[in-house]
Amino acid sequence: MKTLQLITIFGLIALFYGCCDGLKGTYVGQDGAFIEQMTFTSCDAVELVFMGSTAEGNYTIEGNKVKIVNAGENQILTITDDGCLDGGGFIGKYCKD
């Protein structure tokens, strides 16, 4: 009986963590974007590649805005109609690879 309960509990945990509405995959900088690429690795974690170095940050989504926090710095990007992430001006635009 305990084995069945443990299997059920672990199954529910896996289902809960597998059902996030976060971003997935790699977004590549377009036309001179500040960051080379962003890879969203889980419901709240993102890897940022800049000048060949990788750093990890966290992100949240509110409406069509993605807020990325890395080393105490915040950046807000807009999810565009074509599914890209747009940080505007200096930060640039990132589209799924």
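How many helices and strands does the secondary structure of the protein chain come to? It comes to 1 helix and 8 strands. The model is predicted.

**Overall layout**

Along the sequence the pattern reads α-β-β-β-β-β-β-β-β. The protein chain has 97 residues, and 25% of them are buried. Its exposed area is about 6,600 Å², with carbon and sulfur atoms supplying 58% of that. Among contacts with a separation of 6 or more, 26% link residues 24 or more positions apart.

**Strand pairing**

Strand 5 pairs with strand 4 and is also joined to strand 6. The table sets out these two pairings.

| Strands | Sense | Bridges | Residues standing opposite |
|---|---|---|---|
| Strand 4 (residues 53-62) and strand 5 | antiparallel | 5 bridges | Glu62 and Lys65 |
| Strand 5 and strand 6 (residues 73-79) | antiparallel | 6 bridges | Lys67 and Ile76 |

Both pairings are hairpins. Strand 4 and strand 5 have 2 residues between them, and Gly63 takes a positive phi near 65 degrees. The hairpin of strand 5 and strand 6 also has 2 residues between its strands. In that turn, Ala71 has a positive phi of about 50 degrees.

**Nonpolar core**

The largest nonpolar core contains 15 residues. Met38, Phe40, Ile68, Leu85 and Tyr94 have the most contacts inside it. Three elements give two or more residues to this core: strand 2 (37-40), strand 3 (45-50) and strand 5 (65-70).

Met38 shows how the contacts run. Beyond its neighbours within four places in sequence, Met38 touches Gly25, Thr26 and Tyr27. Its contacts also include Val46, Glu47 and Leu48. Further along the chain, Met38 is in contact with Ile68, Leu77, Leu85 and Tyr94.

**Aromatic pairs**

The count of aromatic pairs comes to 4. One of them is Tyr27 with Phe40, an edge-to-face pair. Their centres are 5.5 Å apart, with 90 degrees between the planes. Tyr27 lies in strand 1 (residues 25-30) and Phe40 in strand 2, so this pair ties together parts that are 13 residues apart in sequence. Both residues, Tyr27 and Phe40, are buried. With Tyr59 they form one aromatic cluster.

Phe34 and Phe90 make another pair. Their ring centres lie 4.7 Å apart and their planes meet at 45 degrees, so the pair is tilted. Phe34 is in the loop between strand 1 and strand 2, and Phe90 is in the loop between strand 7 (85-86) and strand 8 (93-96). The pair therefore ties together parts that are 56 residues apart in sequence.

Why does Phe90 count as exposed? Its relative accessibility is 61%, and the exposed class begins over 50%. Phe34 has 33% relative accessibility, so Phe34 counts as partly exposed.

**Disulfide**

The structure holds 1 disulfide. Which residues does this disulfide join? It joins Cys84 to Cys95, with an S to S distance of 2.0 Å. The torsion about the S-S bond of Cys84 and Cys95 is about 110 degrees, so the disulfide is right-handed. Cys84 lies in the loop between strand 6 and strand 7, whereas Cys95 lies in strand 8, so the pair ties together parts that are 11 residues apart in sequence. Both Cys84 and Cys95 are buried.

Definitions and conventions
Residues numbered from 1 in each chain as written. Predicted model: local features only at pLDDT ≥ 70, side-chain atom pairs only at ≥ 80, totals over all residues. Heavy atoms only, no water. Core = buried A, V, L, I, M, F, W, Y, C linked by side-chain atoms within 4.5 Å. Buried < 20%, exposed > 50% of the residue type's maximum accessible area, 1.4 Å probe, protein only. Helix = DSSP H or I, 4+ residues; strand = E, 2+ residues; numbered from the N terminus. Contact = heavy atoms within 4.5 Å. Phe/Tyr/Trp six-rings, centres within 6.5 Å; stacked < 30°, edge-to-face > 60°. Areas by Shrake-Rupley, 256 points an atom, 1.4 Å probe, with all protein chains shown as cover. Pairing = 2+ DSSP bridges. Disulfide = S-S within 2.5 Å.
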